[in-house]
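Please look through the sequence and the model shown below. The paragraphs that follow lead from one helix to the sheets, the cores and the aromatic pairs.

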Amino acid sequence: MTRQYFQTDGIRGEVGKQPMTVDFSLRLASAASKVLVPNGGTVIIGKDTRVSGYMFEAALEAGFVASGVDVLLTGPLPTPAVAFLTRKLNADFGVVISASHNPYYDNGIKLFDREGKKFSDEIESSIELHLDDDVITSSSKSLGQAKHISSARIDYQRFCKSTVPDKTNFDKLKIVIDAANGAGYKVAPHVLNDFGAEVIPVGCSPNGRNINQGCGSTHPDLLKLTVPGVRADVGIALDGDADRVLMVDHDGCLINGDQLLYVLALDQLNQGTLKGPVVGTVMSNLGLELVLKNLGIDFLRAKVGDRYVLEMLKLNGGTLGGETSGHLICLDKATTGDGMISALQVLEVMVRTGKSLKELVSGLQLYPQTVINVKVPNSFEPLKNISLNKALDDAENKLAGKGRVILRSSGTEPVIRVMVEGDDKEIVNSIAHNLANSVQAAVSS
């Protein structure tokens, strides 16, 4: 079943334009209620720090209550926190209002099942089938009730702390935390403080319009300057809804999701706790695949999107996977990607081994890789364009089997992602820009 609104990571778009309108949110709540809890139930609603979150929260709350569903409101809280609380409080499902790493003028809605996992494509398609139905309005005696959960943040912070061994402390670490002025702006500094670290917060002062603005995992330059500037041991960069993480070593070098995945995989291999294959995506660096292979660790590639990484882990009995962008999944710790919990696992390895982050990633040599985003209309499909298919063939021929070319539509933004990877940086960069120009020409024609 094809989906019109649900994409790689829920529904997302510019506020005020379909589907990110009050009317659509109301109808979505009604449709989700009809499919997921036709006889009533409980939903948890969380959000990030965007000013539009209040509007969508109110619309969703109204739609659920009118359908006879009880609503528990968490306020601003990381996406994985809502997944955790859905399980902890035995809710029927959870909803997060967030556009993750997108700018403040976008927003989105994503759903979690009662186990804190993202719904399948089939269930999301079923919900879409009811979006044009009349909005349910129950009689007064059958309406749901709404209330705020006062302990939500504290409960989630305790859960984060429980994912590392007892008596772990970071009292010898100086850590810069960049929460992207997003959902983790309170949780992240508090958790690190609880472990005894010296914490320097940046990107922890949201105003509703500065989420992901010049900070966080999509704009790490601030963190790269700050960490060596204050002589910190490490830096942590979350995105707007805190489900992804990148890190910075003490020299200010950015450590991406592939490198963090390598650190955790190697440590689990050494500790004898690694289960099944490690799962990445088609965008994961070839260097990661090769180094894991040399270590005797199977590596599988899923479609882009942490939901697909999760599905492949389950199918193959694995517990560790992730994306270059920083969506890391530690299934032995949480049911979904969690930026804070992933960061804690890396910090624990640093403390236990006595090694710096730079030392921990030194065994992985990444292949030169260039990624270019080309803005396109929402309806543009690159692989259906004849001229682009020819440009793609030309790019692959130039690499002569010594690299990879990926051309794909983003599931979260109206862009085509051009990725070229190979053993020669200059050739890779040249091919990537030529292919990006071909995409732009095809869009303009």
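Helix H10 is followed by Gly 317, whose phi is positive, near 70°. Helices here are DSSP runs of H or I with at least four residues, strands are DSSP runs of E with at least two, and both are numbered from the N terminus. This is a predicted model, in which local features need pLDDT of at least 70 and side-chain atom pairs count only at pLDDT 80 or more, while totals for chains, interfaces and linings use all residues. Residues are numbered from 1 along each chain as its sequence is written, and side-chain values use heavy atoms, with hydrogens and water left out.

H10 spans residues 306-316, and its buried residues are Asp 306, Arg 307, Tyr 308, Val 309, Leu 310 and Leu 313. Buried means under 20% relative accessible area, exposed means over 50%, and partly exposed lies in between, with a 1.4 Å probe and protein chains only. Among the elements that cover these buried residues are helix H4 (121-128), strand S12 (278-281) and strand S14 (320-322). Contact means heavy atoms within 4.5 Å. Within H10, the charged end of Arg 307 sits over the ring of Tyr 308, 5.7 Å from its centre. A charge sits over a ring if NZ of Lys or CZ of Arg is within 6 Å of the ring centre and within 35 degrees of the ring normal. The charged end of Lys 47 likewise sits over a ring, that of Tyr 54, 3.5 Å from its centre.

The next topic is the sheets. Six strands form an open sheet of mixed pairing, in the order S1-S5-S4-S2-S3-S6. Strand S1 (11-14) and strand S6 (146-148) are the edge strands, each pairing on one side only. The twist from one strand to the next averages 20°. Two strands pair if DSSP finds at least two bridges between them. Strand S2 (residues 41-47) and strand S3 (residues 69-76) pair in the parallel sense over seven bridges, and Val 43 stands opposite Val 71 in S3.

An open sheet of three strands has the order S16-S18-S17, with antiparallel pairing. S16 and strand S17 (403-409) stand at the edges with a single partner strand each, so one side of each is left without a neighbour in the sheet. Here the twist averages 10° from one strand to the next. Axes are lines fitted to C-alpha atoms, for helices over the stretch in contact, and angles run from 0 to 180 degrees between N-to-C directions. Helix H13 (residues 386-399) lies across S17 and S18, running at about 160° to S17. S16 and strand S18 (residues 415-422) run antiparallel and are joined by seven bridges; Lys 375 stands opposite Val 415 in S18.

In a regular strand the side chains alternate between the two faces of the sheet. Strand S16 (residues 369-375) shows such an alternation: Thr 370, Ile 372 and Val 374 point to one face and are buried, whereas Gln 369, Val 371, Asn 373 and Lys 375 point to the other and are not.

A nonpolar core is a set of buried Ala, Val, Leu, Ile, Met, Phe, Trp, Tyr and Cys residues joined through side-chain atoms within 4.5 Å. The largest has 63 residues, of which Leu 192, Ile 236, Met 247, Leu 344, Leu 347 and Leu 357 touch the most other members. Helix H11 (residues 339-353) gives the most to this core, with eight residues. A second, separate core of 26 residues includes Ala 32, Ile 45, Phe 56 and Val 95.

Rings of Phe, Tyr and Trp (its six-membered ring) pair if their centres lie within 6.5 Å; planes under 30 degrees apart count as stacked, over 60 as edge-to-face and the rest as tilted. By this rule there are six aromatic pairs. Phe 84 and Phe 159 form a stacked pair, 4.3 Å centre to centre with 10° between the planes. Phe 84 lies in helix H3 (residues 79-88) and Phe 159 in helix H5 (residues 152-162), so the pair ties together parts that are 75 residues apart in sequence. Both Phe 84 and Phe 159 are buried, and with Tyr 156 they form one aromatic cluster.
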